[in-house]
Amino acid sequence: MLRVAVVGSGPGGCYTAQSLVQQDPDVLVDVLDRLPCPYGLVRYGVAPDHEKIKSLQNNLRAVLEHERVRFLGGVEIGPGGVPADRLRELYHAVVYCVGAATDRHLGIPGEDLPGSWSATEFVSWYSAHPDAVDDGFVRGARSAVVIGVGNVAVDVTRMLARGPAELTSTDMPQAALTALAASRVGDVSMVGRRGPSQARFTTKELRELGTLPDTDVTVDGEELALDPAYADPSGLPAPQRRNVEVLRGWAETPPHDAGHHIRLRFFLRPVELLAEDGRVGAVRFERTVPDGQGGVTGTGRYEDVAAQLVLRSVGYRGVPLEGLPFDPASGTVPHLAGRVLREGHIAPGEYVAGWIKRGPTGVIGTNRSDAKETVTALLADASVLVREDRPEDPLAALRGEGVEPVEWTGWCAIERAEAELGASLGRGVVKLPDWQSLMDAAHQSTP
Ligand code: NAP
């Protein structure tokens, strides 16, 4: 009987497990995760106010509760945990679905000034990731700059503009709620280096900015018009055309003097973060113009935008996992239809799916077809893989080596503790934000 380890319990990992049990009536799947909690970016990346997207957890839950799937949380693969080689000895096949765990860098002076953060760090904080640092973020800040115009940029911009009433009903941790509720950030500029027709956000997410209570969204029509497609967007693909139309509507709407002001800016590329009293005080941008090939060129004209908080939202990036090949240029593992390639040759029994396979693009559902491709390759190899001797139960072998995973009952105990915490605060479910409280809660499930 085929035994497969799936490393990572985010959408990539869960859809891989689902595809395996759907396509093979006998396979047994262990889904391992470094964290004691499942769901990856659905739990720790989807914005807390996006309840509908978060409810996808229910679908992922059904996968992890499948009778031939086991969730094994709190198990690190790599140095300090279970080496990749050892995992390969315990299972007939291993599918790495480890995502893209870090953020891209801008590589400009001042990037690391206090007050400048990657959007990932900010998202991790308000999503209660146990590795997040709580460093004030909004404390003392009146204006913020968000660099980048993708969906993560829209998420963090929206979270900065949300008022306490809208945040209280989310599952965000109490400390982040308290800090954001007391935030004095009134002005948020979200800035793209290219034009409105090249922005990466999706129209639904963009439009939502215009529905936020007590918030003005402004765009400068003249800046938009630097984009040759602005005057006549009819030749653009539908998603970009719709974005341009939404932006045009805002350009034509006067602001209402609301409490929050979101400014969408384009054709400005960040060149330096400027310090003021030892922390970030402004971002210097160079005005760009289209180069006619989808890119931009600098004009030598600069504009400083004041900001005591800077969130760099320029995309995620995969990190190498010791024991697995890695292509630093793309931040992914080299593969052929999901089969890991070592120096150009297929490595038997090793697979990838999700962002570590294709890079940090697409929406959650994109992982379904991606996982299916990998699982199809794996099952085509299964008759050979299954001939290799493997322990009867890899979990018993892991335990024998001192690994104590948080099993599904442990995760359910964390869920109960989060519901209890929320009730004690007069809120709905409230996430536990640190390792200690998560592990304490998980262990309540064991006698
Ligand atoms: P993204 O979509 O790749 O957007 C990155 C943004 O950063 C782009 O505007 C890019 O501009 C800009 N950028 C990159 N390097 C830059 C630099 N050196 N200087 C200035 N700007 C720079 O990444 P993301 O927003 O992190 O999203 C990742 C994935 O998650 C996407 O597929 C996204 O759709 C998905 N996601 C979806 C949702 C949702 O559905 N609600 C929410 C969050 C995330 P250029 O285009 O010029 O490179």
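## Annotated binding site

The UniProt annotation "binding site", from an unreviewed entry, covers Arg193, Arg194, Glu205 and Gly362. The structure shown is a predicted model. The same kind of record also marks a wider region: UniProt places "domain: FAD/NAD(P)-binding" (unreviewed entry) at residues 3–162. Over residues 3–162, the chain is 35% helix and 18% strand. The end C-alpha atoms of that stretch are 46 Å apart.

## Around the ligand

Which residues come nearest to the ligand? Of the 24 residues around it, they are Val149, Arg193, Arg194, Arg200 and Gly362. Arg193, Arg194 and Gly362 also belong to the annotated "binding site" in UniProt. Helix H7 gives the most to the shell around the ligand, with three residues.

Now look at individual atom pairs. An oxygen atom of the ligand lies 2.8 Å from an N or O atom in the side chain of Arg193. At Gly362 the partner is a polar backbone atom, 2.9 Å from a ligand oxygen. Ser313 also offers a polar backbone atom, and here the distance to a ligand oxygen is 3.4 Å. How much of the ligand does the protein bury? Taken alone, the ligand exposes 920 Å², and the protein buries 85% of that.

## Arg194 and Glu205

Arg194 is found in the loop between strand E8 (187–191) and helix H10 (203–209). Is Arg194 buried or partly exposed? Arg194 counts as partly exposed because its relative accessibility is 26%, and buried means under 20%. Leaving aside neighbours within four places in sequence, Arg194 is in contact with Arg200, Phe266, Phe267, Gly294, Gly295 and Val296. One of these, Arg200, is among the residues that come nearest to the ligand.

Glu205 sits in helix H10. Its relative accessible area is 11%, so Glu205 is buried. Not counting residues up to four places away in sequence, Glu205 touches His50, Ile53, Asn151 and Val154. A polar contact of 2.5 Å joins the side chains of Glu205 and Thr202.

## Two nonpolar cores

The largest nonpolar core has 49 residues. Which of them touch the most other members? They are Phe122, Tyr126, Leu209, Trp250, Leu264 and Phe266. The largest share of this core, six residues, comes from helix H7 (residues 151–161). A second, separate core has 44 residues, including Val31, Val42, Val69 and Val406.

Leu209 shows how the largest core is joined up. Setting aside residues up to four places away in sequence, Leu209 touches Val154, Thr157, Arg158, Val217, Trp250, Ile262 and Leu264. Val154 is also touched by Glu205.

## Helix H6

Two of the core residues, Phe122 and Tyr126, are also buried residues of helix H6. H6 spans residues 119–126 and is mostly covered, with seven of its eight residues buried. The buried ones are Ala119, Thr120, Phe122, Val123, Ser124, Trp125 and Tyr126. Just after H6, Ala128 takes a positive phi of about 65°.

## Positive phi angles

What makes a positive phi worth a look? Most residues other than glycine have a negative phi. Phe267 has a phi near 55°, a positive value in a residue other than glycine. Phe267 is placed in the loop between strand E10 (260–265) and strand E11 (268–276). Is Phe267 buried or exposed? With a relative accessible area of 1%, Phe267 is buried. Phe267 is also one of the contacts of Arg194.

Ala337 has a positive phi as well, near 50°. Ala337 lies in the loop between strand E16 (335–336) and strand E17 (339–342). Its relative accessible area is 32%, so Ala337 is partly exposed.

## A look at Asn59

Asn59 is found in helix H4 (residues 57–64). Asn59 is partly exposed, with a relative accessible area of 38%. How far apart in space are Asn59 and Val146? From C-alpha to C-alpha, Asn59 and Val146 are 32 Å apart, and in sequence they are 87 residues apart.

Terms used
Residues numbered from 1 in each chain as written. Predicted model: local features only at pLDDT ≥ 70, side-chain atom pairs only at ≥ 80, totals over all residues. Heavy atoms only, no water. UniProt positions renumbered as here; feature names shortened; annotations may be inferred. Helix = DSSP H or I, 4+ residues; strand = E, 2+ residues; numbered from the N terminus. Core = buried A, V, L, I, M, F, W, Y, C linked by side-chain atoms within 4.5 Å. Buried < 20%, exposed > 50% of the residue type's maximum accessible area, 1.4 Å probe, protein only. Contact = heavy atoms within 4.5 Å. Near = heavy atom within 4 Å. Polar contact = N/O pair within 3.5 Å; in protein donor to acceptor, adjacent residues only side chain to side chain. Areas by Shrake-Rupley, 256 points an atom, 1.4 Å probe, with all protein chains shown as cover.
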